[in-house]
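Biologist: I would like a close look at one part of this model, with its surroundings described as well. Please take one helix as the centre and work outwards from there.

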Amino acid sequence: MTSALHIQDWLEIIKGEYLCGFVKDGGSSVKFVVPSREDLGKLLGIRLTRMASDLGYIAVNVDAGETRVHMPQEIFFRIAERIDWRILARRVVLKLCEDLPYRTDGIDPAGDTSILEAISVTNDVEESQIALDLRRRLPSAVTRNQSMSRDFRLAMTHLCLTEMGGDGQNLEATPLLEWLTGRSRRVSNVRAYSIYNSIVRTNARHFLESLLYWVRFAGYSGTMILLDDTRVTLRRNPRDGMRFYSRSAVMDHYELLRELIDSTDRLPGLFMVVLATEDFLDPDERGKGFTIYRALLGRIAEEVRDRNRSNPMAALVRLTESTG
């Protein structure tokens, strides 16, 4: 790699070229970042999360020390834990009302009151009439929406119905939320919703694709995922209670990252930043650097580059806070 970029310069590029442009318009990108110091990585996470949130993104942090990041379903579960599914459902209900059309200005998706009651008051229309109109609109907009996998869209349909019929507590949605977040792996708990599959390695990516679509459908700019990979490349287990990755697990993780890069055309509105350490760049074939997995190396290493200047748009960059 070449010389490091200043952290603020890189963030400005990311904001202008990606978060305010390409990704907001439905594109997706996966970036790999190697800060010059550990504390700089933490600073980057804070600034990036704040910037993405201010621009209307859902910002999620996934830490390899807490999550088995070589397993796609575990990454999905961790993201799902950090999503406010109730607000997403309420935002979609409001979106469908606007299409009918009903006025929804001034209604807070994060409020505790019944969403139908709020819409009824705003439009001076009976709740029963609004519910009837929504139930007619919901199947084509959500239940049969082919942009999401079958089980996911059924779950989202029932979350919307729960908000439409509930008192704001969303207690009926508990089995669905436990299934989405992996707190309960028993598919029998969600069979009442006509869902017959667990979320596992083989279908996790399809659930992630569906989630990313749902976030944008609900009116957000997209999803920003900060994947802290600093634990992945540790050669020795510090035995500190956090996760440690064997070489085979590291290879599985790199394969997962390669699959994400190759699937960006099916991951709408995703901006993912993989935060790594210098060990990630280790060229030693006996180590855990990304060069041990040739397919990933071919995706993110620059073949043509300036010896004295870093490319801020590159998939893999070094960051510093120094101005020198």
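Modeller: What follows starts at helix α3 and then moves to other parts of the chain. The model is predicted.

Helix α3 covers residues 72-81, and 9 of its 10 residues are buried, so the helix is largely enclosed by the rest of the structure. The buried residues are P72, Q73, E74, I75, F76, F77, R78, I79 and A80. Charged side chains are therefore part of this buried set, E74 with a relative accessible area of 11% being one of them. The cover over these buried residues includes two strands, β3 (57-63) and β4, and four helices, α4 (85-99), α8 (174-181), α9 (204-217) and α10.

E74 has a charged partner. Its side chain forms a salt bridge with R68, and the closest N and O atoms are 3.1 Å apart. R68 has 30% relative accessibility and counts as partly exposed, whereas E74 is buried. The bridge thus joins a buried acid to a partly exposed base. A search of the whole structure finds 21 salt bridges.

Strand β4 and helix α10, both included in the cover of α3, also bracket the loop that holds D229. In sequence, β4 spans 222-228 and α10 spans 247-262. D229 is buried like E74, but D229 has no salt bridge. The nearest side chain of opposite charge is R231, 10 Å away; a salt bridge would need a side-chain nitrogen within 4 Å of a carboxyl oxygen. Leaving out residues up to four places away in sequence, D229 touches A64, V69, H253, L257, V274 and L275. H253 and L257 fall within the 247-262 span of α10.

Helix α10 also takes part in a salt bridge. D262 meets R299 there, at 2.9 Å from N to O. D262 belongs to α10 and R299 to helix α11 (residues 294-300), so the pair ties together parts that are 37 residues apart in sequence. Both residues are partly exposed: R299 has a relative accessible area of 37%, and D262 has 34%. Another bridge links D284 and R286, with 3.3 Å between the closest N and O atoms. In that pair, R286 is exposed at 70% relative accessibility. Elsewhere, R37, D39, R47 and E321 are linked in a network of salt bridges.

Helices α8 and α9, two more elements in the cover of α3, are joined by the loop in which S194 is found. S194 is not a glycine, yet its phi is positive, at about 65°. Most residues other than glycine have a negative phi, and most peptide bonds are trans. S194 is partly exposed, at 31% relative accessibility. Among the residues in contact with S194 is D151, which is placed in helix α7 (residues 150-165). D151 is buried, at 6% relative accessibility. Apart from neighbours within four places in sequence, D151 is in contact with W179, S194, I195, Y196, N197 and F207. F207 also serves as one end of a distance: the C-alpha atoms of G45 and F207 are 25 Å apart in space, and the two residues are 162 apart in sequence. G45 lies in helix α2 (residues 38-54) and is buried, with a relative accessible area of 10%.

Helix α4, also included in the cover of α3, is followed by the loop to α5, where P101 is found. The peptide bond from L100 to P101 is cis, with omega near 5°. Beyond α5 (115-123), a loop leads to α6 (127-143) and contains E126. D124 lies in that loop between α5 and α6, and its phi is near 55°, a positive value in a residue other than glycine. D124 is exposed at 73% relative accessibility, and E126 is exposed at 59%. D124 and E126 gather with E117 and E127 in a patch of negative charge on the surface.

To return to the starting point, α3 is largely enclosed, and its residue E74 is paired with R68 in a salt bridge. Buried D229, by contrast, has no salt bridge.

How values were computed
Residues are numbered from 1 along each chain as its sequence is written. This is a predicted model: local features need pLDDT of at least 70, side-chain atom pairs count only at pLDDT 80 or more; totals for chains, interfaces and linings use all residues. Side-chain values use heavy atoms; hydrogens and water are left out. Patches are made of residues with over 30% relative accessible area and no salt bridge: like charges are joined within 9 Å, nonpolar side chains (Val, Leu, Ile, Met, Phe, Trp, Tyr) within 5 Å. Accessible areas come from the Shrake-Rupley method with a 1.4 Å probe; for residues, only the protein chains shown count as cover. Lys and Arg count as positive and Asp and Glu as negative; His and the chain ends are not counted. The place of a charge is taken as NZ of Lys, CZ of Arg, CG of Asp or CD of Glu. Buried means under 20% relative accessible area, exposed over 50%, partly exposed in between (1.4 Å probe, protein chains only). Contact means heavy atoms within 4.5 Å.
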